[in-house]
Amino acid sequence: MDNEDRVPCVFCDIIAGKSQAYTVYEDETTICILDIHPYTKGHCLVIPKRHVTWWHELTSEETEHVFSVARTVANRIMKAYSPDFVFLYARGRRIPHTHIFLIPTHKDDVLDRFFHALEKFQESPQEIAQLKDRDQMLETMRLLLKTDYSKD
Ligand SMILES: [Zn+2]
């Protein structure tokens with residue numbers, strides 16, 4: 001199916017030149033634009049020109065090329081803004097045309113704190129489960145038994 005036959009897509013419009021964007025890279029199959037709602041300076045989106053919802057629906061060649069472009073632009077971001085690293089993730093939920101987020105990341109910025117919290121959440125069930133461990137329960141009990149309540 002040709003891109004023209006599809007439901008309106010903001011990225012297809014940009015690729016077709018019908019909508020404007022801050023383009024930082026473009027070749028035959030891939031474009032990279034600045035996100036219009038940036039988390040930080042240098043936040044870009046790498047977008048395959050073919051309308052594909054999810055990144056894993058790309059062909060092998062498209063996947064290699066899109067990620068190669070992502071690396072090229074990430075190195076430009078590193079030179080321009082000297083972040084700790086360039087964060088990468090792929091979505092297609094809000095705009096159903098796959099796009100790779102490239103976000104310069106500094107320790108303790110908003111995104112760094114968000115993902116740190118997410119990682120803690122991911123690990124917490126295990127940490128909480130360990131609290132139920134018999135040795136942990138006995139240790140807690142012994143600690144509390146030693147507590148002197150006489151001054152309360
Ligand atoms: Zn599209």
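These are my notebook entries on the domains, a helix and a strand of this predicted model.

**Ground rules.** I count residues from 1 along each chain as its sequence is written. As the model is predicted, I ask for pLDDT of at least 70 for local features and 80 or more for side-chain atom pairs, while totals for chains, interfaces and linings use all residues.

**Domains.** I looked up the split first: domain 1 covers 3–106 and domain 2 covers 113–146, with bounds from an automatic or database domain assignment. I find their C-alpha centres 40 Å apart.

**Helix α3.** I took helices (H or I, at least four residues) and strands (E, at least two) as DSSP runs, numbered from the N terminus. Helix α3 runs over residues 110–131. I checked its span, expected to be 1.5 Å times one less than its number of residues: 32 Å should result for 22 residues, and the end C-alpha atoms are 30 Å apart, which agrees. I also noted a bend of about 40 degrees at E123, with P125 following within four residues; the bend is the angle between axes fitted to the seven residues ending there and the seven starting there.

**Burial.** I call a residue buried if 20 or more other C-beta atoms, placed from the backbone, lie within 10 Å of its own. The number buried in α3 is zero, so the helix lies largely in the open. Strand β5 (residues 99–105) is mostly covered, with five of its seven residues buried.

**Pairing of β5.** Strands pair if DSSP finds at least two bridges between them. I see β5 antiparallel to β3 (residues 44–48) over three bridges, and antiparallel to β4 (residues 85–91) over seven bridges. I picked out F101 in β5: L45 is bridged to F101, and Y89 stands opposite F101.

Methods. A residue is buried if 20 or more other C-beta atoms lie within 10 Å of its own, exposed if 12 or fewer, and partly exposed in between; C-beta atoms are placed from the backbone.
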